[in-house]
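Reader: I have a sequence and a model on my screen. Please show me how to read them, one feature at a time.

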Amino acid sequence: FPSHDNTTGEFLCKIFPITNLTINPATITPLVIGADIAATGNYDVCKFNEAILFAYQTTTNTQKIGYVTSNGAVGNPSNGYPSPITEANALDKADRCITIFTNSTTFFNVAWANSTDGVYHKAYNFDFTTKLARTQLSNYVTTAVRNITGFTDSTLVQVYWDKDNADKWKR
């Protein structure tokens with residue numbers, strides 16, 4: 001269960017066994033994944049091999065991408081996962097929304113929208129090297145993109161998003 005704390009800027013997680021229903025998740029102390037999540041709370045997580053991948057918008061308008069192991073440790077070379085990376089190019093700002101997704105054991109995808117340049121996609125290998133360079137999918141700037149999601153199969157990457165307009169539907 002990931003969440004964020006607007007007061008502290010912390011990106012938090014609780015990990016508990018589904019097989020032991022006597023443990024009350026409310027009594028488990030959250031793990032701090034990062035201390036720099038933006039107040040907007042734009043983040044996403046997905047399962048990747050035996051870990052969880054995370055991506056979020058930081059307080060400095062960058063993206064942070066990393067792993068959390070099944071025992072709650074943030075990725076680092078000593079646990080077999082690379083340390084989190086920060087994507088600091090101005091185009092990588094994800095102040096509208098962000099998603100992370102995969103259907104592979106070797107690579108994953110991040111898609112995001114920002115308020116100045118539109119909707120983007122980038123694919124990474126396990127070690128955070130680039131598999132597919134940043135690509136602009138749309139240049140929606142004057143209309144806000146609110147949600148984004150995606151999935152892959154053996155041949156396609158599919159990214160979906162919605163945008164505000166004059167006849168937007170209510171949630």
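Author: Start with contacts at one residue. P30 touches L12, C13 and K14, leaving out residues up to four places away in sequence. Keep in mind that this is a predicted model.

Reader: Where does P30 lie along the chain?

Author: P30 lies in the loop between strand 2 (10–13) and strand 3 (31–34).

Reader: Is P30 buried or exposed?

Author: Use the relative accessible area. Under 20% is buried, over 50% is exposed, and the range in between is partly exposed. P30 has 36%, so P30 is partly exposed.

Reader: What separates P30 from F54 in space?

Author: Compare the place in sequence with the place in space. P30 and F54 are 24 residues apart along the chain, and their C-alpha atoms are separated by 16 Å.

Reader: Now the whole chain. How many helices and strands are there?

Author: The protein has zero helices and 13 strands. Read from the N terminus, the order is β-β-β-β-β-β-β-β-β-β-β-β-β.

Reader: What does the radius of gyration tell me?

Author: Compare the value with that of a compact globule. For 171 residues, the globule value would be near 16 Å; the protein has 16 Å, which agrees. The C-alpha trace spans about 50 × 35 × 30 Å along its principal axes.

Reader: How much of the protein is buried?

Author: Buried residues make up 39% of the 171 residues. The exposed area is about 9,200 Å², and carbon and sulfur atoms supply 55% of it.

Reader: And the charges?

Author: Count the side chains, then locate the centre of each set. There are 13 positive and 14 negative side chains, and the two centres lie 5 Å apart.

Reader: Take me to a loop residue. Where is T62?

Author: T62 lies in the loop between strand 5 (51–57) and strand 6 (63–69). Check its accessibility next. T62 has a relative accessible area of 9%, so T62 is buried.

Reader: What does T62 contact?

Author: Leave aside neighbours within four places in sequence. T62 is then in contact with Y56, Q57, T86, E87 and A88. Its side chain also makes a polar contact of 2.6 Å with the side chain of T58.

Reader: E87 is on that list. Which element holds E87?

Author: E87 lies in strand 7 (residues 85–87). Its relative accessibility is 14%, so E87 counts as buried.

Reader: Which side chains make polar contacts with that of E87?

Author: One is the side chain of K122, at 3.0 Å. Another is the side chain of Y124, at 2.7 Å.

Reader: What else does E87 touch?

Author: Beyond four places in sequence, E87 touches T62, Q63, I65, D92, K122 and Y124. Look at N61 as well. E87 and N61 are 26 residues apart along the chain, with their C-alpha atoms separated by 9.4 Å.

Reader: One last residue. Is N114 buried or exposed?

Author: N114 is buried, with a relative accessible area of 2%. Its place is in strand 9 (residues 107–114).

Reader: Which backbone nitrogens lie by the polar side-chain atoms of N114?

Author: The backbone nitrogen of T116 lies 3.1 Å from a polar atom of the N114 side chain. For the backbone nitrogen of D117, the distance to a polar atom of that side chain is 2.6 Å.

Reader: And what is N114 in contact with further along the sequence?

Author: Leaving aside neighbours within four places, the partners of N114 are A90, L91, K93, D95, R96, Y120 and Y140.

Definitions and conventions: Residues numbered from 1 in each chain as written. Predicted model: local features only at pLDDT ≥ 70, side-chain atom pairs only at ≥ 80, totals over all residues. Heavy atoms only, no water. Helix = DSSP H or I, 4+ residues; strand = E, 2+ residues; numbered from the N terminus. Rg over C-alpha atoms; globule rule 2.2 N^0.38 Å. Buried < 20%, exposed > 50% of the residue type's maximum accessible area, 1.4 Å probe, protein only. Areas by Shrake-Rupley, 256 points an atom, 1.4 Å probe, with all protein chains shown as cover. Lys, Arg positive; Asp, Glu negative; His and termini not counted. Charge placed at Lys NZ, Arg CZ, Asp CG, Glu CD. Polar contact = N/O pair within 3.5 Å; in protein donor to acceptor, adjacent residues only side chain to side chain. Contact = heavy atoms within 4.5 Å.
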